[in-house]
Amino acid sequence: MTTDNDRLASRDDSQTAAAAADRSGLTRADWNRRYEAKELIWSASANGTLVSEISGLACGRALDLAGGEGRNAVWLAEKGWQVHVVDFADEAIEKGKRLAAKRGVTDRITFETADLTDYRPAPEAFDLVIMMYFHIPVADLPPIFKRAAQALVPSGTFLLVGHDADNLAHGYGGPQRADLLYNADFVTSATGDILDVEKAGRIERKVDTDEGVRIAYDCLVRGRRR
């Protein structure tokens with residue numbers, strides 16, 4: 001059943017994330033001003049694809065890269081995960097802390113402000129690594145994806161969801177710059193032989209708009225650390 005929260009989350013992923021991605025050259029100070037301007041830029045609900053892909057996994061340590069205001073991390077913590085969130089914007093991190101406190105999971109989440117182009121997660125330290133709608137110029141992404149995969153313990157799960165490159169011409173919302181978009185092949189090439197890929201491809205996501213239901217195309221990659 002599609003709830004109001006699902007519809008809001010879907011709209012946030014397609015529209016607000018698109019605006020954010022299109023302005024990916026902003027400085028940390030610019031991002032902080034954006035987050036300060038609104039109580040929540042993103043929905044407070046977890047991403048639907050994350051929920052469907054992660055439900056059923058045994059809980060352990062999770063790393064949420066580019067975690068924004070913490071909605072996905074808080075959901076994971078509520079399910080019993082110990083989560084470390086990393087994001088570029090200090091104000092996003094502060095919002096994440098407030099959301100964690102409101103939902104009663106501060107004992108299961110830690111936060112860190114860092115630029116993923118420089119960030120080096122501890123290797124073989126996490127049972128789950130997620131990256132949700134992280135869009136910067138694609139030339140900068142391969143080493144980030146590789147380090148994310150290397151942060152997993154053997155048999156740990158990697159999950160990435162982003163706006164697919166095909167969405168620019170054929171889907172709704174998302175970044176309107178080709179240099180910010182990628183597909184599953186790009187991600188799996190960057191992670192190389194680190195992962196046993198379980199799912200990799202383009203998926204459809206329904207988006208409720210004022211003009212009716214539209215279709216967005218997302219890139220999904222899920223794999224396990226070898």
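In which strand is Ser 155 found? In this predicted model, Ser 155 belongs to strand β5, which covers residues 152–163. The backbone of Ser 155 deserves attention, for its phi is near 75°, a positive value in a residue other than glycine. Most residues other than glycine have a negative phi. With a relative accessibility of 47%, Ser 155 counts as partly exposed, because that class lies between the limits of 20% and 50%.

A further residue of this kind is Glu 124, which is not a glycine and yet has a positive phi of about 50°. Glu 124 is placed in the loop between β3 (109–113) and β4 (126–132). The relative accessible area of Glu 124 is 47%, and this residue is partly exposed. A positive phi is also found at a glycine: Gly 80, just after helix α4, has a value of about 115°.

Helix α4 itself spans residues 71–78 and is mostly covered, with seven of its eight residues buried. The buried residues of α4 are Arg 71, Asn 72, Ala 73, Val 74, Trp 75, Leu 76 and Ala 77. It is useful to recall here that an α-helix has 3.6 residues a turn, so residues three or four places apart point the same way.

The next topic is the aromatic side chains. A search of the whole structure finds three aromatic pairs. In one of them, the ring centres of Phe 145 and Tyr 182 are 5.6 Å apart and the ring planes stand at 75°, so the arrangement is edge-to-face. An angle over 60 degrees is what places a pair in that class. Phe 145 lies in helix α6 (residues 142–150), while Tyr 182 lies in the loop between α7 (167–170) and α8 (184–191), so this pair ties together parts 37 residues apart in sequence. Both Phe 145 and Tyr 182 are buried.

Phe 145 also pairs with Phe 186: their ring centres are 6.4 Å apart and their planes are at 80°, so this pair too is edge-to-face. Since Phe 145 is in helix α6 and Phe 186 is in helix α8, the contact ties together parts that are 41 residues apart in sequence. In their exposure, the relative accessible area of Phe 145 is 0%, which makes it buried, whereas Phe 186, at 27%, counts as partly exposed. Ring pairs thus link Phe 145, Tyr 182 and Phe 186 into a cluster.

Helix α6 appears again in the lining of a cavity. How many cavities of 30 Å³ or more does a search of the whole structure find? The search finds one. The largest cavity has a volume of about 30 Å³. Its lining consists of Leu 65, Leu 116, Tyr 119, Pro 121, Ile 144, Arg 147 and Ala 148. Helix α6 gives the largest share of this lining, with three residues. By class, the lining has six nonpolar residues, no polar residues and one charged residue.

The final region is a pair of strands. Strand β6 (residues 195–209) and strand β7 (residues 212–225) pair in the antiparallel sense over 14 bridges. A hairpin joins β6 to β7 through two residues, and Thr 209 stands opposite Gly 212 in β7. In a regular strand the side chains alternate between the two faces of the sheet. A contact between a charge and a ring completes the account: the charged end of Arg 202 sits over the ring of Tyr 217, at 4.1 Å from the ring centre.

Technical notes. Residues are numbered from 1 along each chain as its sequence is written. This is a predicted model: local features need pLDDT of at least 70, side-chain atom pairs count only at pLDDT 80 or more; totals for chains, interfaces and linings use all residues. Side-chain values use heavy atoms; hydrogens and water are left out. Rings of Phe, Tyr and Trp (its six-membered ring) pair if their centres lie within 6.5 Å; planes under 30 degrees apart count as stacked, over 60 as edge-to-face and the rest as tilted. Helices (H or I, at least four residues) and strands (E, at least two) are DSSP runs, numbered from the N terminus. Buried means under 20% relative accessible area, exposed over 50%, partly exposed in between (1.4 Å probe, protein chains only). A charge sits over a ring if NZ of Lys or CZ of Arg is within 6 Å of the ring centre and within 35 degrees of the ring normal. Two strands pair if DSSP finds at least two bridges between them. On a 1 Å grid over the protein atoms alone, a cavity is a set of points where a 1.4 Å probe fits but cannot get out, and a pocket is an open set with protein on both sides within 12 Å along at least five of seven lines; lining residues have an atom within 4 Å of a point. Grid points are joined across faces, edges and corners, and a volume is the space filled by probe spheres set on the points. Ala, Val, Leu, Ile, Met, Phe, Trp, Tyr, Cys and Pro count as nonpolar, Asp, Glu, Lys and Arg as charged, and the others, Gly among them, as polar.
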